[in-house]
Amino acid sequence: MAFLRLQSDHISSILSEKPDRVLRCRHVSIAEPPTQIIGLLREAGHEVIGQTSGLGSAVCAELLGVVPPAEQRKGQSITLTWLEETFGMLPYDAGQRQIKCYARAYILRLIGCVLMPDMSQNRVHLKWLPLLRYFTEAGRYSWGSACVATLYRSLCHASNKDLKNISGSMILLQSWAWYRISSISPRTRAIWATLKWMMIAHSNKHNVKIYRRLLDRLEMQQ
């Protein structure tokens, strides 16, 4: 029984016959870049890396202008609820430093809610905050690569049968699915009409089964 739609073409179908099979990769050497272009290379996009320990009250006081209470912290994380309540409304007479603090808090909420949420459901790690110290520098980081890498790692972890939650950008994953499998996209009227009818006939807890049923019915051309 095939587990994949294209099982016959998948590498797993021949591993029993050729257990020592390996994939070859391109191996080339490249010389050190000329000193004259190093500055331009650095401007092309920095990797998102930084410290993940030793973050606490000091970094919050410096970059957010306020320290979250103990009940709103857990280890190196702070609650998204506290960020929303504390930085929900910017005073009309806010100074430049306060404006920057609110901007950092907003970006933290974007990271924790949309771009790279973790499985805590209501917290965001402070490791992102030092990267927002200088906004010009922050704009040079390759945030897109970090978002995709986080999603891939999350999907890998989600394959564990004991896990009940998944992290990463589900909006990005859903967008990819709708783009690559257009038949399940709301833009496809016939399928969406069928799905809507099925959702009316079933309670919300059965929606996952409905989507799985639609995926199982996909034709090769879809």
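**View 1. C60 and C113, two cysteines in a predicted model without disulfides.** We start at C60, which is buried, with a relative accessible area of 1%. C113, in contrast, is partly exposed, with a relative accessible area of 48%. The structure, a predicted model, holds 0 disulfides. As a reminder, a disulfide is a covalent bond between the sulfur atoms of two cysteines.

**View 2. The largest nonpolar core, seen around L64.** Welcome to the interior: this core has 26 residues. Which residues have the most contacts inside it? They are L64, L83, F87 and L108. Two or more residues come from each of the helices α2 (57-63), α3 (80-86), α4 (96-115) and α6 (143-158). Among the contributors, α4 gives the most, with 5 residues. In soluble globular proteins, nonpolar side chains tend to be buried together. Zoom in on L64 and, setting aside residues up to four places away in sequence, you will find it touching V59, I78, W82, L83, F87, C101, R104, A105, L108 and L129. Two of these neighbours, L83 and F87, are also among the residues with the most contacts inside the core.

**View 3. W128, a buried tryptophan in a loop.** Is W128 buried or exposed? Its relative accessibility is 11%, so W128 counts as buried, although its place is in the loop between β3 (123-125) and α5 (135-138). Beyond its neighbours within four places in sequence, W128 is in contact with V48, L108, I111, M116 and W143. L108 is a handy landmark here, as it also appears among the contacts of L64. Look for Q51 as well: its C-alpha atom and that of W128 are separated by 8.8 Å, with the two residues 77 apart along the chain.

**View 4. A three-stranded antiparallel sheet.** Here is an open sheet of 3 strands, in the order β1-β2-β3. The pairing is antiparallel, and the edge strands β1 (73-74) and β3 each pair on one side only. β1 and β2 (residues 77-79) are joined over 2 bridges. Which residue in β2 is the bridge partner of R73? It is I78, a residue you have already met as a contact of L64. In general, strands of a sheet pair through backbone hydrogen bonds, either parallel or antiparallel.

**View 5. S154 in helix α6 and its polar contact with S167.** S154 lies in helix α6 and counts as buried because its relative accessibility is 6%. The side chains of S154 and S167 are joined by a polar contact of 2.8 Å. Apart from neighbours within four places in sequence, S154 is in contact with I166, S167 and G168.

**View 6. The salt bridges R133–E62 and E137–R140.** How many salt bridges are there? The count comes to 2. In one of them, the side chains of R133 and E62 meet at 3.0 Å, N to O. R133 lies in the loop between β3 and α5 and E62 in helix α2, so this pair ties together parts that are 71 residues apart in sequence. R133 counts as partly exposed at 26% relative accessibility, and E62 is partly exposed too, with a relative accessible area of 40%. E137 and R140 also meet in a salt bridge through their side chains (3.6 Å, N to O). E137 is partly exposed, with a relative accessible area of 29%, and R140 counts as partly exposed at 35%. As a general point, side chains of opposite charge can pair when their charged atoms come close.

Notes
Residues are numbered from 1 along each chain as its sequence is written. This is a predicted model: local features need pLDDT of at least 70, side-chain atom pairs count only at pLDDT 80 or more; totals for chains, interfaces and linings use all residues. Side-chain values use heavy atoms; hydrogens and water are left out. A nonpolar core is a set of buried Ala, Val, Leu, Ile, Met, Phe, Trp, Tyr and Cys residues joined through side-chain atoms within 4.5 Å. Buried means under 20% relative accessible area, exposed over 50%, partly exposed in between (1.4 Å probe, protein chains only). Helices (H or I, at least four residues) and strands (E, at least two) are DSSP runs, numbered from the N terminus. Contact means heavy atoms within 4.5 Å. Two strands pair if DSSP finds at least two bridges between them. A polar contact is a pair of N or O atoms within 3.5 Å; within protein, one must be able to donate a hydrogen and the other to accept it, and residues adjacent in sequence count only if both atoms are side-chain atoms. A disulfide is a pair of cysteine sulfur atoms within 2.5 Å. A salt bridge is a side-chain nitrogen of Lys or Arg within 4 Å of a carboxyl oxygen of Asp or Glu.
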